[in-house]
Amino acid sequence: MPRGCPSKIRICDQTWKVTYFKNLIEEKQLYGATIPDERLIIIDASKSLDVIQSTLTHEILHACASMSNHDVGNEAQEGMVRALENTLFSALRSNAPWWK
Ligand SMILES: [Zn+2]
């Protein structure tokens, strides 16, 4: 697990497990994945910490979408998540002390 990265995240009062793999991109062409039924987020740990944190933000948005009861379909959800990922990541980083 990359230094400082969480192994668990609380989302909507539920605990999601976060696991890290070294070669997810090479083997599955993915930076990360979210498996809502298992409350599991998978992150490729072979990239820089910035990329790992951004990917985790991306996957958390998928997790939030899956728990929102607002099913827009996989393609629309991916578009929404990609649109929000960078702006949310920037907002979180710029206000980190406030979130603690
Ligand atoms: Zn995605």
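Start with a cartoon view of the whole protein: this predicted model has four helices and four strands. Trace the chain from its beginning and you'll meet them in the order β-β-α-β-β-α-α-α. While you're zoomed out, picture a box around the C-alpha atoms, roughly 35 × 35 × 25 Å along the principal axes. How does the radius of gyration fit a compact globule? For 100 residues, such a globule would come out near 13 Å, and the protein has 13 Å, so the two agree.

**Strands 1 and 2**

Now select residues 8-11 and 14-21, which are strand 1 and strand 2. The pair runs antiparallel, joined by four bridges. Click on K8 and look across to strand 2, where K17 is its bridge partner. Together the two strands make a hairpin with two residues between them. Stop at C12 in that turn, because it's worth a click: its phi is positive, about 50 degrees.

**Across to strand 4**

Keep strand 2 on screen and add residues 40-44, which are strand 4. Which way do strand 2 and strand 4 pair, parallel or antiparallel? This time the sense is parallel, over five bridges. To see one spot in this pairing, show T19, which stands opposite I42 in strand 4.

**Helix 2**

Next, select residues 49-66. This is helix 2, and its 18 residues should span 26 Å at 1.5 Å a residue; the end C-alpha atoms sit 25 Å apart, which agrees.

Colour the buried residues of helix 2, among them I52, L56, H58, E59, I60 and H62. What covers them? The cover includes strand 1, strand 2, strand 3 (32-35), strand 4 and helix 3 (74-94), so bring those in one by one around the helix. For a close-up, centre on I60: leaving out residues up to four places away in sequence, I60 touches I9 and I11.

**The core**

Finally, show side chains for W16, L24, I41, I42, I43, I52, L56, I60, L61, A63, A65 and V81. These twelve residues are the largest nonpolar core. Strand 4 and helix 2 each supply at least two of its residues, and helix 2 gives the most, with six. You've already visited I42, opposite T19, and I60, which touches I9 and I11.

Before you close the viewer, colour the whole chain by burial: buried residues make up 21% of the 100. Then think about contacts between residues at least 6 apart in sequence: 40% of these join residues at least 24 apart.

Key:
Residues numbered from 1 in each chain as written. Predicted model: local features only at pLDDT ≥ 70, side-chain atom pairs only at ≥ 80, totals over all residues. Expected span 1.5 Å × (residues − 1). Buried ≥ 20, exposed ≤ 12 C-beta atoms within 10 Å, placed from the backbone. Contact = placed C-beta atoms within 7 Å. Rg over C-alpha atoms; globule rule 2.2 N^0.38 Å. Pairing = 2+ DSSP bridges. Core = buried A, V, L, I, M, F, W, Y, C linked by C-beta atoms within 7 Å.
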